[in-house]
Amino acid sequence: MMSLTATITCRVAFGKRFEGNEFDEGKFQEVVNEAMAMLGSFSASNFFPYVGWIVDKLTGHHDRLERSFHDLDGFYQQVIDQHLDTKETKHEEEQNIIDMLLKLERNQTEIDAVQFTQNHIKAILTCFKNIFLGGVETSAITVVWAMAELIRNPRAMKKSQEEIRNCVGNKGEVDEGDIEQLKYLKMVVKETLRLHPPAPLLVPREAMSHFKINGYDTYPKTQVHVNAWAIQRDPDIWTSPEEFVPERFEDESIDFNGQNYELLPFGSGRRGCPGVYMGLSTVELALANLLYCFDWKLPNGLKEEDVNMEEEAGITVYKKLPLNLVPVKYITGLSKMK
Ligand code: HEM
């Protein structure tokens, strides 16, 4: 799932997928995982700026951070080099963000006040990296949790597959045009994001002014974490909060737009996720195709209740143990299998 969402994002952003070189999919995933782990890790120098770096040095945190930076730098360099290697001229509409940045570098003159270099391009890509890391992992995590919940809930799995197969017929694949009609699939995704928000504490906020909440004083500059995970499982808000029941959204107008504070998998406000629609489209399309093209079984006589649902802690929360499922090609009536 990671390589799928990374490839989609790379294609959108960089115009190509990454394979057959140093940054093959395995290595690429490693670099992304490590960067995410570093983002979610405790760094003493964040809390004690003057002396914390000594602790980071002694614990090896500092060196790990440096290594992660170097790996990302290598990735950016390769992206830039691959664009420089391309001899043919692209039409304007085929150009991606790197082509544009390289054009800026090429077309500058010596009298320009600021000289634009490949390091600047890397810096811009570092901002973009946040978008990239933000998008790749969260979407992949969501598909995996959805499949884990569905395999434990055969009724929901069957209902979703029937909806998709009835709607898509013999076409051979689900495309974006079909998704709008797949109401149950959308409820499955919503329920997955309720139980398993990939970024359960959203991004940290800093209080700008003094305020009181539930009798607690919060002073300016206090770091505030919003626990969306807890809110989305709060028994005062949700009936049977621990159960996977996509139907709960049938008559509900609760949405992810950041206005319904009981469901905040994409956060809310100015720091809310700018990739909601891309994230949802990726998850819905990937999941719909998995459910359309295959029936899914548990391996080695495993029972639904045996599926391990433990979470791995971090800035994003993914399934601690890999989900192992057996795909069985769904062939009946399909005219074209890919
Ligand atoms: C299922 C998919 C996704 C989920 C669940 C998700 C969730 C989130 C959450 C919870 C936040 C923090 C919001 C807050 O604290 O209010 C966030 C921020 C962000 N997301 Fe997503 N996201 C997803 C997909 C994407 C995609 C596809 C992109 C871009 C391609 C993206 C880019 C970002 C960026 C750049 C931020 C930081 C915004 C800021 O700090 O101002 N996300 N996302």
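User: Why does Asp-175 count as partly exposed in this model?
Analyst: In this predicted model, Asp-175 has a relative accessibility of 32%. Buried means under 20% and exposed means over 50%, so a value of 32% places Asp-175 in between, as partly exposed.

User: What makes the contact of Lys-171 with Asp-175 a salt bridge?
Analyst: The closest N and O atoms of Lys-171 and Asp-175 are 3.0 Å apart. The rule asks for a side-chain nitrogen of Lys or Arg within 4 Å of a carboxyl oxygen of Asp or Glu; the pair therefore qualifies.

User: Why is Lys-190 called buried or exposed?
Analyst: Lys-190 has 13% relative accessibility. Buried means under 20%, so Lys-190 is buried. Asp-255, with a relative accessible area of 34%, is partly exposed.

User: How do you know that Lys-190 and Asp-255 meet in a salt bridge?
Analyst: Their side chains come to 3.9 Å, N to O. The limit is within 4 Å, so the pair is counted as a salt bridge. The pair links distant parts of the chain, 65 residues apart: Lys-190 lies in helix 10, and Asp-255 in the loop between helix 11 and helix 12.

User: What makes Arg-64 and Glu-34 a salt bridge, and which helices hold them?
Analyst: The N to O distance between their side chains is 2.7 Å; the cut-off is within 4 Å, and therefore the pair meets the rule. Arg-64 is in helix 5 and Glu-34 in helix 2, 30 residues apart.

User: How many salt bridges does this rule give?
Analyst: The count comes to 19 salt bridges.

Definitions and conventions. Residues are numbered from 1 along each chain as its sequence is written. This is a predicted model: local features need pLDDT of at least 70, side-chain atom pairs count only at pLDDT 80 or more; totals for chains, interfaces and linings use all residues. Side-chain values use heavy atoms; hydrogens and water are left out. Helices (H or I, at least four residues) and strands (E, at least two) are DSSP runs, numbered from the N terminus. Buried means under 20% relative accessible area, exposed over 50%, partly exposed in between (1.4 Å probe, protein chains only).
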